[in-house]
Amino acid sequence: MACLTSININANLANNSNVETDVYLATIVWNGVERNIAVLAMGRRPLIGTALLEDYHLSIDFYEGDTVLVDEIL
């Protein structure tokens, strides 16, 4: 993931609180295609929104270091 630029936004969280955070524009390869996406800098790990998952199935085992699978819905 290559970061291109960043801006600062006021993000609304799931608990309805607001936090100021940096947002980076990044280019990723998703299913073999380059896409420009927004990445939020939220603590130790960057967040990529779920819009990328449209028409995909997501399966996660919630254990540190475990597997995350994303499969295209046929």
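The following exchange concerns a predicted model of one protein chain.

Biologist: What makes up the secondary structure of the protein chain?

Modeller: The protein chain has zero helices and six strands, and from the N terminus on its elements run β-β-β-β-β-β.

Biologist: Why is Val33 called partly exposed?

Modeller: Its relative accessible area is 47%. Buried means under 20% and exposed means over 50%, with partly exposed in between. The value of 47% lies between these limits, so Val33 is partly exposed. The residue has its place in strand β3.

Biologist: How do you know that β2 and β3 pair?

Modeller: Pairing requires at least two bridges between two strands. Nine bridges join β2 to β3, and therefore the two strands pair. They run antiparallel, and Trp30 stands opposite Val33 in β3. Their hairpin has two residues between the strands, and Asn31 there takes a positive phi near 55 degrees.

Biologist: Why is the set of Ala26, Ile28, Ile37, Val39 and Leu52 called a nonpolar core?

Modeller: A nonpolar core is a set of buried residues of kinds that include Ala, Val, Leu and Ile, joined through side-chain atoms within 4.5 Å. These five residues form the largest such core, so each of them is buried, with under 20% relative accessible area. The elements that give two or more residues to this core are β2 (18-30) and β3 (33-42).

Biologist: Which residues are in contact with Leu52, leaving aside its neighbours within four places in sequence?

Modeller: Leu52 is in contact with Ile28, Trp30, Arg35 and Ile37.

Biologist: How much of the protein chain counts as buried?

Modeller: Of its 74 residues, 12% count as buried.

Technical notes
Residues numbered from 1 in each chain as written. Predicted model: local features only at pLDDT ≥ 70, side-chain atom pairs only at ≥ 80, totals over all residues. Heavy atoms only, no water. Buried < 20%, exposed > 50% of the residue type's maximum accessible area, 1.4 Å probe, protein only. Helix = DSSP H or I, 4+ residues; strand = E, 2+ residues; numbered from the N terminus. Contact = heavy atoms within 4.5 Å.
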